[in-house]
Amino acid sequence: MTFDHSQLKNAGDILVVDDTLENLYFLKNVLTDAGYRVRPAIDGELALRSVQAKHPALILLDIRMPGMDGFEVCRRLKADENTRSIPVIFASAMTDVSDKVKGFELGAVDYVTKPLNAKEVLMRVATHLSLFMAQRQLQQQNRQLREAIEQAEAGNRALKLAEQQLAAYSENLEQIVAERTLALAEANQKLRELSEHDELTGIANRRKFDAVWQYECKRVSRLGTSLAVIMIDIDHFKEYNDYYGHQCGDVCLQQVAKAMASKVQRASDLLARYGGEEFVVILIGITEADARQMAESIRASVEELAIPHPKNSAAAVVTISLGLAFWPSALKYNSFALLAEADSRLYQAKHAGRNQVV
Ligand SMILES: [Mg+2]
């Protein structure tokens, strides 16, 4: 059976080491004829130098050589990580079993005895080159597999990191949304308070009054309960402002509002600044007598503040005049007429000498 060596030519050079030229030529010719590229070396040191210059695919190594023998060459090759894997086949005339054993112990893959047989040499060379190539291919596949695994692992790590970042981002986003929602609710609340309250006195403003007034008039009309509205005006407030200045006027408005608010305490009642020095009170579900008493107590609370007012014709202190309209005793009225009635009574109180309820 003939072996096709051509497929093994690409494995690389075969280094042939022998101090006997006859053997060297024999091996070189046999291998070259079979299609291999052959590099000869005449002694151990040249062999090592040749290996370092370019790694051969296989080494046929004579044991007995002057100077460095084959065992030493093999030992050095196996000691070097870079040359350790190059297969070494020993060749020697000796048939001593202990030398064969020693050769294998040093890492040789095979052994041929002299006189050399061409066919045997070719078969052993082919066998070990095939093994060497298969091994190299396996190592390459292992390397590729390892690289593929590393890439997959790197991909997994990147994916995991991205997931963590996404989770953190999502959590952060939820927090931001929650914070913004809270801020918006607070801003809305603040806006609502601003839109319903008088900035100077802190009590309800005209807008709030209008809304409550329309709502309560409809409700009272539907349920048939009672309602009182009191229009209030600070007496000679223009003169107070002229005399003390607007800053004092503002402080006076605040004090008067605070005193009146202390009397309008029921949850259903409302005290609002109607405009300028005018105020208005809504009292729900109250008798006319109680409403009148409430108006009187509001009037007294302002007088008791005892804020000096030299230009007041009614007293030496700041006072208020009040006009009270009551439902249902004035059933003919609608919400507008009822307010007009309170306003008209306020006018009467002014004319009657101020600091009083009409
Ligand atoms: Mg020799």
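Tutor: Two strands count as paired when DSSP finds at least two bridges between them. Keep in mind that this is a predicted model.

Student: OK, so over how many bridges do strand 6 and strand 9 pair?
Tutor: Strand 6 covers residues 227–234, and its pairing with strand 9 is antiparallel. One bridge joins Ala228 to Phe326 in strand 9. The cut-off is at least two bridges, and for strand 6 and strand 9 the count is 8.

Student: What is the strand order in the open sheet of 4 strands?
Tutor: The pairing in this sheet is antiparallel. Strand 7 (270–275) and strand 9 (320–327) are the edge strands, each with pairing on one side only. From one strand to the next, the twist averages 20°. Reading across, the order is 7-8-6-9.

Student: Which strand does helix 8 run at about 155° to?
Tutor: Two helices are worth looking at here. Helix 6 (residues 206–223) packs on the sheet, where it touches strand 6, strand 7, strand 8 (278–284) and strand 9, and its direction makes about 125° with that of strand 7. Helix 8 (residues 246–261) lies across strand 6, strand 8, strand 9 and the one you asked for, strand 7.

Student: How many residues are in the largest nonpolar core?
Tutor: Start with the residues that have the most contacts inside it: Val229, Ile230, Val280, Val281, Leu322 and Leu324. Strand 6 supplies the largest share, 7 residues. Val280 gives a local view: leaving out neighbours within four places in sequence, its contacts include Phe209, Val229, Ile230, Ala272 and Tyr274. The total for this core is 49 residues.

Student: And how many residues does another core, apart from it, have?
Tutor: This second one includes Ile14, Leu61, Ala91 and Leu129. Its size is 32 residues.

Student: How many of the residues of strand 3 are buried?
Tutor: Strand 3 spans residues 58–62, and both of its faces are covered. On one side sit Leu58, Leu60 and Asp62, with Ile59 and Leu61 on the other, and all are buried. That makes the tally 5 of 5.

Student: In which sense does strand 3 pair with strand 4?
Tutor: Strand 1 (residues 14–17) pairs with strand 3 in the parallel sense over 4 bridges, and there Ile14 has Leu58 as its bridge partner. With strand 4 (residues 88–92), strand 3 also forms 4 bridges. One of these links Ile59 to Val88. The sense for strand 3 and strand 4 is parallel.

Student: At roughly what angle do the axes of helix 1 and helix 5 cross?
Tutor: Helix 1 is residues 21–33, helix 5 is residues 118–196, and their axes come within 10 Å. Leu27, Val30 and Leu31 in helix 1 meet Ala118, Val121, Leu122 and Val125 in helix 5. The contact divides into 7 nonpolar residues, no polar and no charged. The crossing is right-handed, at roughly 60°.

Student: Is Thr32 buried or exposed?
Tutor: Thr32 belongs to helix 1. Its C-alpha is 9.7 Å from that of Ile14, though the two are 18 residues apart in sequence. A residue with 12 or fewer other C-beta atoms within 10 Å falls in the exposed class. Thr32 has 12 within that distance, so it is exposed.

Conventions. Residues are numbered from 1 along each chain as its sequence is written. This is a predicted model: local features need pLDDT of at least 70, side-chain atom pairs count only at pLDDT 80 or more; totals for chains, interfaces and linings use all residues. Axes are lines fitted to C-alpha atoms, for helices over the stretch in contact, and angles run from 0 to 180 degrees between N-to-C directions. Helices (H or I, at least four residues) and strands (E, at least two) are DSSP runs, numbered from the N terminus. A crossing is left-handed if the near helix is turned anticlockwise from the far one by less than a right angle, and right-handed if clockwise. Two residues are in contact if their C-beta atoms, placed from the backbone, lie within 7 Å. Ala, Val, Leu, Ile, Met, Phe, Trp, Tyr, Cys and Pro count as nonpolar, Asp, Glu, Lys and Arg as charged, and the others, Gly among them, as polar. A nonpolar core is a set of buried Ala, Val, Leu, Ile, Met, Phe, Trp, Tyr and Cys residues joined through C-beta atoms within 7 Å. A residue is buried if 20 or more other C-beta atoms lie within 10 Å of its own, exposed if 12 or fewer, and partly exposed in between; C-beta atoms are placed from the backbone.
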